[in-house]
Amino acid sequence: MMQRARTGRSFRMLLAIAIGAAVLASASLAAAEETTKPFTGKAVNGGTVTLSRQGGKIMLSLSSDFQVPGSPDPHWQVVDSKGTPYLLDRLKLKDDRINTRIVVPAYVPDIAKVQMWCAWAEVVLGEAPFSKPVIAENK
């Protein structure tokens, strides 16, 4: 009888430790940043995009070495693992400001690559792929 009680307590303690470790591991994975390979394309070569999770939102940020293309209407665009493009915000804002950071909308299921898209000419200026598609878990 005494042996059975000890075994039950040991099992519960081991289970609690395992659950705690799983929670900590998932929290650290959620906080991890992912970086693309450098942009390649007609007008954008060099620079990367870093994906981070902040306050339940997925953020994309351009690296400091990114060169803004000279095209008339560049936009952020992401492509999911099925090849579906999602046109997002303008890169160039009023007063010559640059939109170097954006929030990914909740309807984007995952991100395989980030593109700079010229809405005026309707052409991809350059793209930067992730090593594997990143699940976008916006809350």
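These are legends for several close-up views of one predicted protein chain.

Before you start, note that residues are numbered from 1 along each chain as its sequence is written. Since it's a predicted model, local features need pLDDT of at least 70, side-chain atom pairs count only at pLDDT 80 or more, totals for chains, interfaces and linings use all residues, and side-chain values use heavy atoms, with hydrogens and water left out.

**View 1. The whole chain has one helix and eight strands.**
Helices (H or I, at least four residues) and strands (E, at least two) are DSSP runs, numbered from the N terminus. Walk along the sequence and you'll meet the pattern α-β-β-β-β-β-β-β-β. Of the 139 residues, 33% count as buried; here buried means under 20% relative accessible area, exposed means over 50%, and partly exposed is in between (1.4 Å probe, protein chains only). Contact means heavy atoms within 4.5 Å. Among contacts between residues at least 6 apart in sequence, 50% join residues at least 24 apart.

**View 2. Four strands form an open sheet in the order E5-E4-E7-E8, with antiparallel pairing.**
Two strands pair if DSSP finds at least two bridges between them. At the edges sit E5 and E8, each pairing on one side only. Neighbouring strands of this sheet are turned by 20° against each other on average, direction ignored; the angle is taken between lines fitted to C-alpha atoms (for helices, over the stretch in contact), and such angles run from 0 to 180 degrees between N-to-C directions. Zoom in on E7 and E8: these antiparallel strands are joined by eight bridges. Look for Val114, which stands opposite Ala128 in E8.

**View 3. E3 pairs with both E2 and E6.**
Six bridges hold the antiparallel pair E2 and E3 together, and three bridges do so for the antiparallel pair E3 and E6. Ser61 is a handy landmark: Thr50 stands opposite Ser61 in E3, and the bridge partner of Ser61 in E6 is Arg101. E2 and E3 also make a hairpin with two residues between them, and Gly55 in the turn has a positive phi of about 60°. Five of the six residues of E3 are buried, so this strand is largely enclosed by the rest of the structure.

**View 4. The largest nonpolar core gathers 25 residues.**
A nonpolar core is a set of buried Ala, Val, Leu, Ile, Met, Phe, Trp, Tyr and Cys residues joined through side-chain atoms within 4.5 Å. Which members touch the most other members? They are Phe39, Leu60, Trp76, Ile111, Val114 and Met116. Strand E2 (49-54), strand E3 (57-62), strand E4 (74-79), E5, E7 and E8 each chip in at least two residues.

**View 5. Gln115 is a buried residue in strand E7.**
Its relative accessibility is 7%, so Gln115 counts as buried. The side chain of Gln115 makes a polar contact with the side chain of Glu127 (2.8 Å). A polar contact is a pair of N or O atoms within 3.5 Å; within protein, one must be able to donate a hydrogen and the other to accept it, and residues adjacent in sequence count only if both atoms are side-chain atoms. Leaving out residues up to four places away in sequence, Gln115 touches Phe39, His75, Trp76, Gln77, Val79, Val124, Gly126 and Glu127.

**View 6. Tyr86 and Tyr107 form a tilted ring pair.**
Rings of Phe, Tyr and Trp (its six-membered ring) pair if their centres lie within 6.5 Å; planes under 30 degrees apart count as stacked, over 60 as edge-to-face and the rest as tilted. There are two aromatic pairs by this rule. In this one, the ring centres of Tyr86 and Tyr107 are 6.0 Å apart and the planes are at 45°, so the pair is tilted. The pair links distant parts of the chain, with Tyr86 in strand E5 and Tyr107 in the loop between E6 and E7, 21 residues apart. Tyr86 is buried at 14% relative accessible area, whereas Tyr107 is exposed at 56%.

**View 7. Asp95 and Glu122 have a positive phi without being glycine.**
Most residues other than glycine have a negative phi. Asp95 has a phi near 60° and lies in the loop between strand E5 (85-90) and strand E6 (101-103). Glu122 has a phi of about 55° and lies in the loop between strand E7 (110-118) and strand E8 (123-135). Buried or exposed, where does Glu122 fall? Glu122 is exposed, with a relative accessible area of 60%, and Asp95 is exposed too, at 73%.
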